[in-house]
Every structure is written in C-alpha cells, then in structure tokens.
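Reader: I would like a close look at the inside of this model and at the contacts made there. Please take it piece by piece, in plain words.

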Amino acid sequence: MSLSPALGQPWPHESARAQVCGAAPYVDDLPETKGTLYAAPIVSPCAHGLLRGIDAAPALALAGVHGVVLAGDLPGDLWLPTPARDEPIFAHERVQYLGQVLGLVVADSPALARRAARAVQADIAPLPAILTLEQALQSQSYVLPPVTLRRGDAAAALAVAPRRLRGRFEVGGQEHFYLEGQVAYALPLEQGQWLVHSSTQHPAEVQHWVAHALGLAQHAVRVECRRMGGGFGGKETQAGQIAVWAALAAHKFGRPVKLRLARREDFLITGKRHPFAYEYEVGFDDTGRIQGLRLQMAANCGFSADLSGPVADRAVFHCDNAYYLGDVEITSLRCKTHTQSHTAFRGFGGPQGMLAIEAILGDIARALGRDALDVRLRNLYDPDPTAGRHTTPYQMAVEDNILPQLLSQLELSAQYRRRQEAIFGWNRTQPVLRRGLALTPVKFGISFTATQFNQAGALVHVYTDGSVQVNHGGTEMGQGLHTKVAQIVADELGVPLGRVQVTASDTAKVPNASATAASSGTDLNGRAAQDAARQVRTRLAALVAQLDGCSPAQVRFADGQVHSPTHQRSFAALVQLAYAQRVQLWSDGFYRTPKIHYDKHTLTGRPFYYFAYGAACTEVAIDTLTGESRVLRVDILHDVGRSINPAIDRGQIEGGFVQGMGWLTTEQLVWNDAGALSTCAPSTYKIPTAGDMPVQFHVDLWPEPNREDNVGGSKAVGEPPFMLALSVYEALRNAIAAAPGAAGEQSTVGAAAKPFAAQPLRLDAPATPEQILRALGALAAD
Ligand code: MTE
Ligand code: HPA
Ligand code: MOS
C-alpha cells in the first residue's frame with residue numbers, strides 16, 4: 001500500500017469551509033426561477049376515517065392563493081410505485097393517520113400557502129384507530145406477514161436449561177431531526193422534461209416516483225442533489241413524496257413549485273425509527289451461557305409498508321449481535337398502526353435487534369449475580385470454526401471476528417474491572433446517587449440485505465489542464481462521502497486532493513443508483529470511482545510506455561507527477577500530450593459487491609460482505625430521587641479498517657454514539673389518544689445538545705485493515721457506531737439495579753452475590769427520568 005497523501009489523512013470535509021460561512025447552498029437556498037410558486041400540505045386532522053369531502057373554498061378566497069391540488073387532479077396513478085402499493089399520493093376515500101397529506105395549497109408565498117392550507121376543511125367520518133403496538137398485536141394488524149427464523153430446537157433447549165428467564169420491554173421510535181427539513185423544488189422544462197432539486201438520499205427513486213406520478217418515462221425527469229443537511233435514513237424513501245407533491249403542483253399550474261416542510265409539518269407527516277416491543281424467554285447455564293432463546297420482536301410500522309420489511313429483517317439479522325445462539329426461534333411482527341409510516345433510520349432495525357440481546361444478557365448477568373462483561377464474553381461467537389460456534393442463525397459464518405481481541409483491549413484501556421469495583425464501593429457510600437458501568441460490543445453487517453442494491457457507478461473526467469471531476473451515484477448528507485471519494489480518485493491518479501472536485505448527484509450523469517444507505521456509500525461508490533480513475537490511468541500509462549519505451553507497469557503516478565524509468569512529467573503535461581494523441585481522458589466505472597447472496601424465503605445465506613465491529617464502555621450516574629441521569633465517561637474502540645479519513649471517521653463515531661444515546665435516553669415521541677403526535681418541536685422533543693456530550697469521551701480506532709478486499713482496506717462507518725450507545729442503556733440498568741433497597745444493591749462481582757429478583761429489571765427506552773423512576777419503583781415493590 002502506497003503512503004499516499006490523499007488516503008488515510010484527516011482531510012477536512014469538502015464543504016466544511018463553505019458550510020461554516022453560509023456559502024454551501026441547500027435546496028431552499030438555490031436561486032429561484034421567475035414565476036416560482038410555493039406549496040403547503042393540507043393534512044388530515046383525524047387518525048383513521050372515511051374521507052367524504054374537502055372544502056377548499058376558504059383557502060381559495062385568500063388573495064395570492066393560486067389553487068389546490070387534490071387526488072382528483074392527478075394525471076397518472078393515484079398511488080406511489082412502492083413494492084406494496086399501499087401509499088396513496090394524496091389520501092382519497094380514507095385517511096390512515098393524523099398528518100396524512102390530503103392535498104396541497106399553492107400560493108405566492110410559503111407563509112400564505114401554509115395559512116391557506118389550515119383553512120381547508122376536510123369532512124371525515126371517524127373510524128376506530130389502532131394507535132399502539134399493543135392494540136395492533138391484539139388485532140393482528142400487520143402491514144406485512146410475520147416472519148420466523150428458526151435454528152435448532154428452541155423449545156427443547158429451553159425445557160432442559162438449568163435456568164430460565166422471561167421478560168418484556170419496549171423501545172420508542174426516533175425523529176430524524178435532520179437540520180434541513182424535507183424539501184423539493186420542481187421545474188417544468190421544455191417539451192415535457194423536468195428538473196427536480198430534491199434533498200434526497202435516493203435521487204433515482206425520486207426520479208422514478210416523479211415520472212410515475214406524472215405519467216412520464218424516467219428519461220424525462222432529472223433529479224439533482226448537491227447535499228443534504230442530514231438524512232439519517234429519513235430521506236431514503238420519504239424525500240420522494242415531497243418531490244412528487246412539488247412536481248404535481250408544478251404540473252397543474254405550469255410553473256416551478258417549491259415545497260419545504262416546516263419542522264412541525266415534517267414531524268407530523270414523515271415516518272420515524274420503528275418503535276419495538278419485545279417478549280422473550282431465555283434458557284441458560286450457571287455461567288450465563290445461553291442454551292435456548294425464543295424472541296418475539298414487534299415493530300410498529302405505521303400505516304404502510306415503506307421500508308418496514310427490510311428494516312424488520314435487519315432487526316432479525318442483528319438480534320444475535322456478537323453472540324452465538326444455537327437453538328433459537330425469532331419471530332418478527334410487522335404491525336400496522338394508524339400513525340406515520342416508520343422508515344429507515346441509522347442502523348435500519350439493527351439497533352432494535354441488538355437492544356434485545358444486550359438487554360437479555362444484562363438480565364442474565366443480574367439473575368446470576370455475575371459480571372455482565374463476563375456473561376457477554378461467555379456468549380461471543382468463537383473465531384475458531386472447529387468450535388462450532390461461529391455461524392449466525394441465518395447460516396452466515398462469522399469469518400472476520402476480531403471481537404475477542406478488541407473487547408479485551410477495551411477492557412484494559414477503559415480499566416473496566418478496576419472501575420467496576422470502585423463503582424460498587426462508591427455506590428455503597430451514597431444515599432441517593434448511583435453509578436453504573438457497562439461494556440457492550442457491536443457487530444454490524446455491511447451490505448444492503450437486498451443483494452441487487454449492492455452496485456454503483458461513477459464517472460471520472462480529466463480536463464486538459466489536469467484537473468479532475470468525479471461524479472458518482474452516492475449522495476452527500478454530511479457523512480463525508482464526497483470527500484472520501486475525491487481522496488480515492490486523487491490516490492488512484494496520484495494527484496493532490498485539491499485537483500479533484502466531486503459534483504452534485506444527478507440522475508442524468510450516473511443512472512439507476514442505489515440509495516446512499518446501509519453505510520455502503522464509500523464501499524460502493526468509492527470502488528466505482530476508483531474503477532473509472534484506474535481506466536484513465538491505464539490509458540495514460542500506456543501512452544507513457546509507448547513514448548518512453550518502457551512497460552506500463554513501470555509508470556508511477558504520485559504527487560502530481562508521472563514517472564517512467566527515463567522521464568518525469570507533471571500530470572497536467574501528460575494529460576496535454578494524451579489529448580493531442582486523442583487518448584480518452586474520461587471514463588465510467590462500475591462496482592458490484594462480491595460474495596453476497598441471500599434467499600429471502602429461507603432467510604439464509606451471506607447477506608453481508610463483512611462485519612464492522614466496535615465496543616463501548618460507558619459510565620453513567622443516576623439520581624434515584626429524581627430519575628435524572630448523566631453520561632460521565634465513554635471509551636470507544638471502533639473498527640473502521642484502514643481509515644480513509646480518520647477525522648471524518650471519528651466524527652461519524654462520535655455523532656453516531658451521541659445520536660444513539662439520544663434515542664435511548666431523551667428522545668421521547670408521544671402520541672395522544674386521538675393519534676396526534678404531541679412532540680412536534682424541539683421544545684417538547686429532546687435531542688442531545690452540546691451540554692449532553694459525555695464529560696470524558698475517548699475514541700480509538702482499531703488498527704487492522706478490513707480482511708475482505710474493500711476500498712483502501714477500509715470498513716463502512718456510517719451506522720455501526722450508533723449501536724455503541726447500547727452501553728448507555730445497560731449502564732443505566734446497572735445503576736438502577738444498585739438502587740437503595742434493591743435486591744442487587746449489595747452485589748459484588750462473582751458468585752458470592754445475594755439472591756436476585758426472579759423478574760428481570762424492566763426499563764423501557766428512552767430511559768427518561770420518568771422511566772427510570774418507574775423502574776426504581778418496580779424494584780422497590782419486588
Ligand atoms: N452522518 C451525517 N453527518 N449525516 C447523515 O445524515 N446518515 C447516516 C450515516 N452518517 C448521516 C450520517 C446513515 S443512516 C447512513 S446509512 C450513512 O451515513 C450513509 O452514508 P455512507 O454510506 O456514505 O456512510
Ligand atoms: N439498509 C439500509 N437501507 C436499505 C436496506 C438496508 O439493508 N435495504 C433497503 N434499503
Ligand atoms: Mo441509513 S438508515 O441506511 O440511510
């Protein structure tokens with residue numbers, strides 16, 4: 001591996017400077033074409049009901065209102081072209097959640113459009129609504145059929161296990177809270193052609209949906225996205241609706257139309273992370289090793305399927321996390337409720353799956369009075385294939401398992417054992433406060449579970465002055481994808497990073513691109529761009545070989561220079577020679593992930609190219625009188641392979657961890673009895689702020705490259721660190737278990753512990769002060 005100045009260095013994000021001085025435009029900042037109108041959504045005030053009519057007259061009476069767009073105005077299909085075909089473009093006949101879009105008002109200004117939209121009256125005859133997971137489970141209300149993954153015989157293993165526990169608990173959803181809300185700007189061009197600026201992780205799908213809604217072929221619609229102000233999964237599919245609505249309004253009025261959701265509208269209309277409810281029964285031995293597990297995971301999918309199938313599948317694929325489950329039965333229920341359609345969110349069901357097993361292992365440790373890290377280590381996948389404990393329930397061998405070494409390194413560097421003892425001692429001296437410590441691993445599968453999405457394309461253009469432009473199918477949402485792809489291309493051509501520019505994602509450049517999702521942006525697009533750059537370099541090397549009478553293999557590209565055994569030329573000078581010789585100076589590139597396959601009927605195969613690993617050790621403190629909590633110290637050791645950009649990777653690790661911490665501690669979504677989301681603003685919905693950052697926050701990168709052949713030896717980093725925050729939840733439960741008067745209060749590490757409660761300690765997440773007090777109250781009542 002060359003020590004390239006482009007790869008492996010902590011380069012700043014390609015837009016960092018422009019972003020901090022306000023010079024990096026987002027969709028709403030683009031110059032507007034003359035005649036632009038503004039749309040605002042008309043939303044259902046009712047969770048479930050028959051839609052008998054819409055009276056737009058009060059809106060139309062306002063000066064400056066151009067009109068409304070309703071289902072009756074649609075030129076093509078009334079439905080979005082999703083696989084389940086269960087989402088109307090605008091609600092018609094019935095409404096299925098409070099906030100569902102019935103139509104749009106189009107006006108001269110966004111404020112007027114919004115005001116007019118509120119004046120529209122919908123006549124709805126209410127029907128009984130299913131609003132909670134519990135109600136959905138009772139009435140077997142599903143968006144997709146249940147799925148069960150079995151290996152061995154869970155019932156038999158449970159029957160003979162020396163010890164058993166049963167438990168149930170829940171985790172809430174999560175609002176994406178991207179800083180830039182959903183937005184699209186649709187411009188009718190000449191001869192039935194369209195340009196749509198969309199803040200989207202998936203321009204190709206926006207193109208497909210807009211073309212479908214307008215009754216056009218896909219080639220008539222071009223979608224562009226230079227950057228998003230955050231996506232986090234919320235713009236994987238659900239940017240599509242916004243773009244379709246803007247385009248339909250533009251179609252009806254023959255003018256450019258912009259639609260930007262206000263924060264409150266975004267909360268009300270768009271889906272969130274799937275809330276989950278769990279029920280489990282686990283059998284284990286006296287060392288804490290799991291012998292049999294039966295787990296049911298019910299996902300609240302909202303009113304339509306959206307991405308719920310693959311999200312729930314990923315939860316099934318990650319409820320083993322890092323642990324061997326021999327005899328296991330996992331049931332996944334995809335529940336339908338009359339709420340927003342829940343969607344992709346960083347981790348894509350992985351966090352919900354992994355929370356299940358981490359909570360179960362914590363319960364086992366407390367039931368046995370054993371140290372939870374010891375119980376976790378006892379259950380790890382064994383890297384030795386002959387030990388027979390290294391295949392997942394979906395039959396994939398865990399070949400690259402570095403967790404035994406990674407966990408013992410973090411155990412030492414975080415001084416886990418010493419601090420655990422110190423915390424036991426400290427807790428005994430405190431009347432009110434309790435501390436808790438937990439160290440949890442992450443194993444996250446990298447690839448889209450739907451094999452076909454694991455492909456990417458790119459274009460590399462070299463201009464006659466030697467400057468380079470690269471365009472690829474991925475999108476930039478702050479994660480640094482464009483920076484990494486530019487680094488990869490600069491490395492391949494041996495030019496300084498400043499010679500390479502990445503341009504806006506554009507369906508007219510690279511077609512049929514997958515969503516930038518599943519953390520695979522750099523793996524896929526980086527490799528496609530590398531392929532394109534390599535083709536240009538190969539042609540240039542052939543020219544040098546011909547000019548200098550050497551072999552192409554003797555030509556080296558480095559530091560903006562091209563070296564042959566006899567000559568040295570600047571890259572720009574060589575490019576000019578090549579142009580004069582009519583050598584093609586640009587190329588396309590393509591990549592498809594090798595080795596992966598997966599049978600969706602049996603739920604088995606190798607859905608992931610490799611796993612990303614990590615671990616976090618978190619110390620928290622709680623106040624047992626108020627239920628308040630604080631994260632005091634976090635030590636992370638995370639595996640990004642050979643980092644392409646350690647500054648960006650650290651940002652992803654810190655940001656992912658803190659976002660996961662928010663999901664598990666403060667970000668509570670509350671729907672009232674009528675199905676109205678009552679936490680629609682930062683005043684009521686609490687994401688972490690700078691003040692919530694752990695007081696001590698150490699992040700180290702694992703030093704080994706990826707064992708699979710991945711771009712630059714790196715590993716994907718976008719989602720895996722989110723799940724490091726499971727250590728926060730487990731540390732909180734340990735602190736609660738040590739509360740004054742609790743059975744576990746006097747516990748010390750080892751077998752001499754006092755007998756423990758027969759019931760697992762239930763803490764529903766997010767672990768708000770109310771939930772922590774509830775858990776403490778249940779312990780005291782035991
Ligand atoms: N980082 C920032 N700053 N903003 C985002 O929206 N999205 C996350 C992650 N990191 C996100 C982010 C999610 S959900 C994914 S899947 C990956 O980035 C997508 O980008 P990548 O595949 O290039 O890592
Ligand atoms: N991860 C993220 N997004 C996706 C996936 C996945 O596995 N499949 C489809 N969209
Ligand atoms: Mo990320 S949830 O795969 O967009």
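Author: What follows starts with the nonpolar interior and then moves to single buried residues, charged pairs, a ligand and a small sheet.

The model is predicted, and the values below are computed from it.

In general, nonpolar side chains of soluble globular proteins tend to be buried together. Here the largest nonpolar core has 154 residues. Four of its members, Leu-293, Leu-295, Phe-571 and Phe-657, touch the most other members. The element that gives the most to this core is helix H15, with 11 residues. A second core, separate from this one, has 47 residues, among them Val-69, Leu-80, Ile-89 and Trp-194.

Take Leu-295 as an example from the largest core. Apart from residues within four places in sequence, Leu-295 is in contact with Tyr-278, Glu-279, Tyr-280, Cys-319, Glu-329, Ile-330, Thr-331, Ala-356 and Ile-360. Glu-329 in that list also takes part in a salt bridge, described further on.

Helix H3, residues 110-119, shows how buried residues of one helix are covered. Its buried residues are Leu-112, Ala-113, Arg-114, Ala-116 and Ala-117. Among the elements that cover them are the strands S1 (37-43), S3 (65-70), S5 (101-107) and S12 (257-260). Helices H2 (57-60) and H8 (263-269) are also included in the cover.

Two single residues can be followed in more detail. Gln-487 is part of helix H14, which spans residues 481-493. Its relative accessibility is 0%, and buried means under 20%, so Gln-487 counts as buried. The side chain of Gln-487 reaches the backbone oxygen of Ile-644 at 3.0 Å. Beyond its neighbours within four places in sequence, Gln-487 is in contact with Ala-6, Leu-7, Gly-8, Gln-9, Trp-11, Leu-497, Ile-644 and Asn-645.

Ile-402 sits in a loop, the one between helix H11 (372-379) and helix H12 (403-413). Ile-402 has a relative accessibility of 3%, so this residue is buried too. Leaving out residues within four places in sequence, Ile-402 is in contact with Tyr-613, Asp-639, Trp-702, Glu-704 and Arg-707. For one of these, Trp-702, the distance between C-alpha atoms is 9.7 Å, although Ile-402 and Trp-702 are 300 residues apart along the chain.

Charged residues come next. The structure holds 42 salt bridges. One of them joins the side chains of Arg-150 and Glu-329, with N to O at 3.4 Å. Arg-150 belongs to strand S7 (residues 142-151) and Glu-329 to strand S15 (residues 327-335), so this pair, 179 residues apart, links distant parts of the chain. Arg-150 is exposed at 55% relative accessible area, while Glu-329 is partly exposed at 22%.

Another salt bridge is formed by Asp-548 and Arg-569, at 2.8 Å from N to O. These two residues are 21 apart along the chain, with Asp-548 in helix H15 (residues 521-548) and Arg-569 in strand S23 (residues 568-570). Both Asp-548 and Arg-569 are buried. Elsewhere, salt bridges with shared partners join Glu-358, Asp-363, Arg-366, Arg-376, Glu-730 and Arg-733 into one network. In a further pair, Arg-222 forms a salt bridge with Glu-224, and the closest N and O atoms are 2.8 Å apart. Arg-222 is partly exposed, at 32% relative accessibility.

Ligand 2 is surrounded by Glu-236, Arg-314, Phe-348, Phe-448, Thr-449, Ala-517 and Ala-518. Three of its polar distances can be given here. A nitrogen atom of ligand 2 lies 2.7 Å from a polar side-chain atom of Glu-236. An oxygen atom of ligand 2 is 3.2 Å from a side-chain N or O atom of Arg-314. On the backbone side, a polar atom of Thr-449 is 3.4 Å from an oxygen atom of the ligand.

Last comes a sheet. It is open, with 3 strands in the order S4-S2-S6 and antiparallel pairing. Strands S4 (94-95) and S6 (121-126) are at the edges and each has a single partner strand, so one side of each has no neighbour in the sheet. Strand S2 (residues 49-55) pairs with S4 over 2 bridges. The bridge partner of Leu-50 in S4 is Arg-94.

Technical notes. Residues numbered from 1 in each chain as written. Chains lettered and ligands numbered in written order. Predicted model: local features only at pLDDT ≥ 70, side-chain atom pairs only at ≥ 80, totals over all residues. Heavy atoms only, no water. Pairing = 2+ DSSP bridges. Helix = DSSP H or I, 4+ residues; strand = E, 2+ residues; numbered from the N terminus. Buried < 20%, exposed > 50% of the residue type's maximum accessible area, 1.4 Å probe, protein only. Contact = heavy atoms within 4.5 Å. Salt bridge = Lys/Arg side-chain N within 4 Å of Asp/Glu carboxyl O. Core = buried A, V, L, I, M, F, W, Y, C linked by side-chain atoms within 4.5 Å. Near = heavy atom within 4 Å. Polar contact = N/O pair within 3.5 Å; in protein donor to acceptor, adjacent residues only side chain to side chain.
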